[in-house]
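Trainee: I have just opened this model and would like some help reading it. Could we go through a few features together?

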Amino acid sequence: MSSPQLWIVAGPNGSGKTTLTMRHTRRFPTSISVVNPDEIAKSIDPIYMDSPQVAIQAGKTALKQQRRLLGSRKSFLVETTFSGNHELRLIEKAKEQGYKVNLIYIALRDATRNINRVASRVAAGGHNIPTADIIRRYGRSLQNAPKGIFNADRSFIVDNSRKRHQLLFTRKHGVIQFVTPEKLQPEWSNNILRGYEQEQLRALQQYVGNPAKEEQLAGLLNGMLGKDISLNRRIKKLKTFSKMLQAIPPGKPLPSVDGIIRKMSQGLER
């Protein structure tokens, strides 16, 4: 029996989540429940769906729907700005209950574009989001994205700044696969990748479980960031080094990070 699946379509306001969801769900062989607070708010009060009271009620209803679907072990999809911590907890809870978690993160190159997209949506009769909220959620969403990518089973990162969606990179089986070359990533996805590396570092630091060894890992990553070393190679080196550190008995001297980086640099020059 196949595992139920949780799909999370995440990104700042105005990034195109609902349009992407509509296209994506058509490809499913069977219908799938979609939990979208905006659509819930519209069903509660289509005229005042942007009011705080309706938004709070819609949020509570969305949480109830998520709990019900998790309890029934049915596959479902959630739309979210990813600007809070709830969806990060949802990923953890779903995985604990045997779900396969898929994250599609979609964004624009800067918050100004999101503001303009929302303004265009309002002009076409859609719902409004205050500019201050768009800016605040844009930053928080990008901050939460690395942890979501790290914890999900599969992730797909999409830039929607142009007329067509641009798939930037994916993460499957713990490995980042670049569709758009690493050196051509836009600034926002580069920031997410740096945050993802920090998530990987924290996980490996927990693995070695020793302050001195944790500092060695951080030193190795910082040293590699100044070299022409790809992200996947940096992470591979970190994992190898963490296993080496874990095997060193207490009281034994730790290897020199500078020496390891010098050897890597020599290998790049050959």
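**Reading a helix and a strand**

Mentor: Sure, and first the ground rules: this is a predicted model, where local features need pLDDT of at least 70, side-chain atom pairs count only at pLDDT 80 or more, and totals for chains, interfaces and linings use all residues. Residues are numbered from 1 along each chain as its sequence is written, and side-chain values use heavy atoms, with hydrogens and water left out.

Trainee: Which residues of helix 3 are buried?

Mentor: Buried means under 20% relative accessible area, exposed over 50% (1.4 Å probe, protein chains only). Helices are DSSP runs of H or I, at least four residues, and strands are runs of E, at least two, numbered from the N terminus. In helix 3, Val 54, Ala 58, Ala 62, Gln 66, Leu 69 and Leu 70 are buried. Seen down the helix axis, the buried residues of helix 3 fall within an arc of 135° (taken from the directions from the axis to the C-beta atoms), so they line one face.

Trainee: What is exposed on the other side of helix 3?

Mentor: There you'll find Gln 53, Ile 56, Lys 60, Lys 64, Arg 68 and Gly 71.

Trainee: And how does strand 5 pair with strand 4 and with strand 6?

Mentor: Strands pair if DSSP finds at least two bridges between them. Strand 5 runs parallel to strand 4 over six bridges, with Leu 103 opposite Ser 155. With strand 6 the pairing is antiparallel, again over six bridges, and Arg 154 faces Lys 172.

Trainee: Why is strand 5 largely enclosed?

Mentor: Five of its six residues (154-159) are buried, so the rest of the structure largely encloses strand 5.
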